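Please open the structure in your viewer and keep the selection tool at hand. The stops below say what to select next and what is to be found there.

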Amino acid sequence: TLTPLYDEVEDRIRLIVNYKSFADRIDYMITRNMILKLVPQMQDYLDIHFHLDADKRDQALLNDYAKNPQHSETIAKKSGVLLVKVDIKLTNNHKNIAIIFYGDDGTTAIAVMDSICLQNFVKSLHNALPRFQWGIDTLI
């Protein structure tokens, strides 16, 4: 699972990979600068490769948001790793997307998902953004 949360102390987005397994979990810390570049790039990737119907995409986002409340109160903190690079690639079958996250300490995590799941992930990143604190008045 990928769970993005705003960390007020670090003033960064904490992207938790495998939040249910503390031993196998990676907490990537995403800077404001990186997130403001990453979210539009993910959306552009979806638009270019999958041409999602806007109504279908918006309905999927609403459904996902309703099913997945924020977990900020229930997830224990773990030392964060600075996220320094993200690669987004189509899988060999061209039906799924592989997102590869790289940390500054050499950690790597790979998430494979379909286009709807990627759109939902982008929406969850939007929901985690501290718009007022970061001076963001619209969705990126």
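Begin by selecting L90 together with its surroundings: leaving aside residues up to four places away in sequence, L90 touches Y45, H49, F50, N96 and I97. This is a predicted model, and the tour should be read with that in mind. L90 is found in strand 4, and with a relative accessibility of 25% L90 counts as partly exposed. If you add D114 to the selection, you will see a residue that is 24 positions from L90 in sequence, with 9.6 Å between the two C-alpha atoms.

**The whole chain**

Now zoom out and colour by secondary structure. The protein has 4 helices and 6 strands, and from the N terminus on these elements run β-β-β-α-α-β-β-β-α-α. Of the 140 residues in the protein, 42% are buried. With a surface display switched on, the protein exposes about 8,100 Å², of which carbon and sulfur atoms supply 51%.

**The sheet**

Select the strands next. The 6 strands form an open sheet in the order 1-2-3-4-5-6, and their pairing is mixed. Strand 1 (2-7) and strand 6 stand at the edges with a single partner strand each, so one side of each is left without a neighbour in the sheet. From one strand to the next, the twist averages 35 degrees.

Move through the sheet pair by pair. Strand 2 (residues 12-17) and strand 3 are joined in the antiparallel sense over 5 bridges, and here I13 stands opposite I30 in strand 3. Strand 3 (residues 26-30) and strand 4 (residues 80-90), by contrast, run parallel and are joined by 3 bridges; select M29 and you will find M29 opposite L82 in strand 4.

Continue to strand 4 and strand 5, which pair in the antiparallel sense over 7 bridges, with F101 in strand 5 as the bridge partner of V86. These two strands form a hairpin with 6 residues between them, in which H94 takes a positive phi near 60 degrees. Strand 5 (residues 97-103) and strand 6 also run antiparallel, joined by 6 bridges, and A98 has V112 in strand 6 as its bridge partner. A hairpin is found here as well, with 4 residues between strand 5 and strand 6, and G106 in its turn has a positive phi of about 95 degrees.

**The two faces of strand 6**

Show the side chains of residues 108-113. Which residues of strand 6 point to the buried face, and which to the other? A109, A111 and M113 point to one face and are buried, whereas T108, I110 and V112 point to the other face and are not buried.

**Helices across the sheet**

Bring the helices back into view and select helix 1 (residues 32-50), which lies across strand 2, strand 3, strand 4 and strand 5 and runs at about 15 degrees to strand 4. Then select helix 3 (residues 115-128), which lies across strand 1, strand 2, strand 5 and strand 6 and runs at about 10 degrees to strand 1.

**The core**

The largest nonpolar core has 32 residues, and those with the most contacts inside it are Y28, M42, I99, F101, L118 and F121. Two or more residues of this core come from each of strand 2, strand 3, helix 1, strand 4, strand 5, strand 6 and helix 3, while the largest share, 8 residues, comes from helix 1. To look at one member of the core in detail, select I99: not counting residues up to four places away in sequence, I99 touches M42, V86, D87, A109, I110, A111, M113, L118 and F121.

**An aromatic pair**

For the last stop, turn to the aromatic rings, where a search of the whole structure finds 2 aromatic pairs. Select Y6 and W134, whose ring centres are 6.1 Å apart and whose planes stand at 85 degrees, so the pair is edge-to-face. This pair links distant parts of the chain, since Y6 lies in strand 1 and W134 in helix 4 (residues 131-134), 128 residues apart. Is each of these two residues buried or partly exposed? Y6 counts as partly exposed at 23% relative accessibility, whereas W134, at 5%, counts as buried.

Technical notes: Residues are numbered from 1 along each chain as its sequence is written. This is a predicted model: local features need pLDDT of at least 70, side-chain atom pairs count only at pLDDT 80 or more; totals for chains, interfaces and linings use all residues. Side-chain values use heavy atoms; hydrogens and water are left out. Buried means under 20% relative accessible area, exposed over 50%, partly exposed in between (1.4 Å probe, protein chains only). Two strands pair if DSSP finds at least two bridges between them. Axes are lines fitted to C-alpha atoms, for helices over the stretch in contact, and angles run from 0 to 180 degrees between N-to-C directions. Contact means heavy atoms within 4.5 Å. A nonpolar core is a set of buried Ala, Val, Leu, Ile, Met, Phe, Trp, Tyr and Cys residues joined through side-chain atoms within 4.5 Å. Accessible areas come from the Shrake-Rupley method with a 1.4 Å probe; for residues, only the protein chains shown count as cover. Rings of Phe, Tyr and Trp (its six-membered ring) pair if their centres lie within 6.5 Å; planes under 30 degrees apart count as stacked, over 60 as edge-to-face and the rest as tilted.
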